[in-house]
Amino acid sequence: MAHAAASDYIPLFPLPSIVFFPRTFLPIHVFEPRYREMVNDCMAGERVIGMVLLREGWEAGYRGNPPIYGVGCLGRMIDVRKLEDGRFNVLLRGLERFTIREERFDRSYRQARVEAHLVDQDPVATLPDRLTRELVDATRSYFERSRQMETFQEILDLDLDRVTLLHTLSMGLDLTVIEKQFLLEAGTLESQGKRLLELLHFRSLEQRGGGSGPRHLGH
């Protein structure tokens, strides 16, 4: 697995509604000319793309380079299908989180020099037993109240390791993109797990009709 070095510039693919996580998979459809060029360039290189979230109000400047969040996730293109009209269907595998240190705009698409998060490079990093149990229990309760227990069982049947389960839930649960970005920006796996647990507890209150107050996402 290649990691993003602090001196490397990687292509960025900003989207308004997707927050990508390590150890997950993301299918993307690429149709804009600038991002078609990006895919072609990536295929000739290391086949990696930095997925980032557009900040609120991106619509006014989308054709240019509207503001983005400073933490994203590096993805490797593991399957690329070019369509007859030049569009692409691409499957990404999440590698590691990064922080943007510098951007440049000398191509049709934006690029950035990034610093990888060490938490995603530690092969033995995991979640504590108790936090893992609490997350599984809270997720089970969430799906029970949502009447989606089949979905929960499908996730369990994947027999994911703890870290992959954490990232899969962080990306796949019905959370807002701001909440998912809050999870992505956690400095440690334990912090990410605790943040997710907090959000699940709030969702549980909402399902019971007790979540009328505002949410405060503290770092």
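The following legends accompany an overview and several close-up views of a predicted protein model.

**Figure 1. Overall fold of the predicted model, with six helices and six strands.** Read along the sequence, the secondary structure elements follow the pattern β-β-α-β-β-β-β-α-α-α-α-α. The radius of gyration is 18 Å, close to the 17 Å that the globule rule gives for 219 residues, so the protein is as compact as a globular protein of that length. Along its principal axes the C-alpha trace spans about 50 × 40 × 35 Å, and 46% of the 219 residues count as buried. Among contacts between residues at least 6 apart in sequence, 68% join residues at least 24 apart. The protein exposes about 11,300 Å², of which carbon and sulfur atoms supply 50%. Its side chains include 29 positive and 32 negative ones, and the centres of these two sets lie 1 Å apart.

**Figure 2. Strand β3, covered on both faces.** This view is centred on strand β3, which runs through residues 48-53 and has six of its six residues buried. On one side of the strand lie V48, G50 and V52, and on the other lie I49, M51 and L53, with every one of these residues buried. Strand β3 pairs in the parallel sense with strand β1 (residues 9-15) over four bridges, and in the antiparallel sense with strand β4 (residues 71-82), again over four bridges. On the β4 side, I49 stands opposite G75. On the β1 side, the bridge partner of F13 is M51, while L15 has L53 as its bridge partner.

**Figure 3. Strand β1 and its pairing with strands β3 and β6.** Strand β1 is mostly covered, since six of its seven residues are buried. Besides the parallel pairing with β3 over four bridges, strand β1 pairs in the antiparallel sense with strand β6 (residues 111-116) over three bridges. Within the β1 and β6 pair, P11 has Q111 as its bridge partner, whereas F13 is bridged to M51 of β3.

**Figure 4. Helix α5 and the surroundings of Q181.** Helix α5 comprises residues 177-184 and is mostly covered, with six of its eight residues buried. The buried residues of α5 are E179, K180, Q181, F182, L183 and L184. Q181, which is found in this helix, counts as buried at 2% relative accessibility. Leaving out residues up to four places away in sequence, Q181 touches V19, L53, Y69 and V71. Of these contacts, L53 belongs to the β3 face that also holds I49 and M51, and L53 is the bridge partner of L15.

**Figure 5. H167 of helix α4 in its buried setting.** H167 is found in helix α4, which covers residues 162-172, and H167 is buried, with a relative accessible area of 1%. Not counting residues up to four places away in sequence, H167 touches F21, P22, R23 and T24, together with R97, D120, L189 and Q192. Two of these contacts, L189 and Q192, fall within helix α6 (residues 189-207).

**Figure 6. Q192 of helix α6 and the residues around it.** Q192 has its place in helix α6, which covers residues 189-207, and Q192 is buried, with a relative accessible area of 0%. Apart from residues up to four places away in sequence, Q192 touches F21, R97, L166, H167, S170, L183 and A186. F21 and R97 are also touched by H167, and L183 is one of the buried residues of helix α5. The C-alpha atom of Q192 is separated by 25 Å from that of E102, a residue 90 places away along the chain.

**Figure 7. A138 of helix α2 and its contacts.** A138 is found in helix α2, which covers residues 129-145. With a relative accessible area of 11%, A138 is buried, because the cut-off for a buried residue is under 20%. Once neighbours within four places in sequence are left aside, A138 is in contact with L197, L200 and H201, residues that lie within the span of helix α6 (residues 189-207). A138 and A116 are 22 residues apart in sequence, and their C-alpha atoms are 30 Å apart in space.

Methods:
Residues are numbered from 1 along each chain as its sequence is written. This is a predicted model: local features need pLDDT of at least 70, side-chain atom pairs count only at pLDDT 80 or more; totals for chains, interfaces and linings use all residues. Side-chain values use heavy atoms; hydrogens and water are left out. Helices (H or I, at least four residues) and strands (E, at least two) are DSSP runs, numbered from the N terminus. Buried means under 20% relative accessible area, exposed over 50%, partly exposed in between (1.4 Å probe, protein chains only). Contact means heavy atoms within 4.5 Å. The radius of gyration is taken over C-alpha atoms; the globule rule is 2.2 Å times the number of residues to the power 0.38. Accessible areas come from the Shrake-Rupley method with a 1.4 Å probe; for residues, only the protein chains shown count as cover. Lys and Arg count as positive and Asp and Glu as negative; His and the chain ends are not counted. The place of a charge is taken as NZ of Lys, CZ of Arg, CG of Asp or CD of Glu. Two strands pair if DSSP finds at least two bridges between them.
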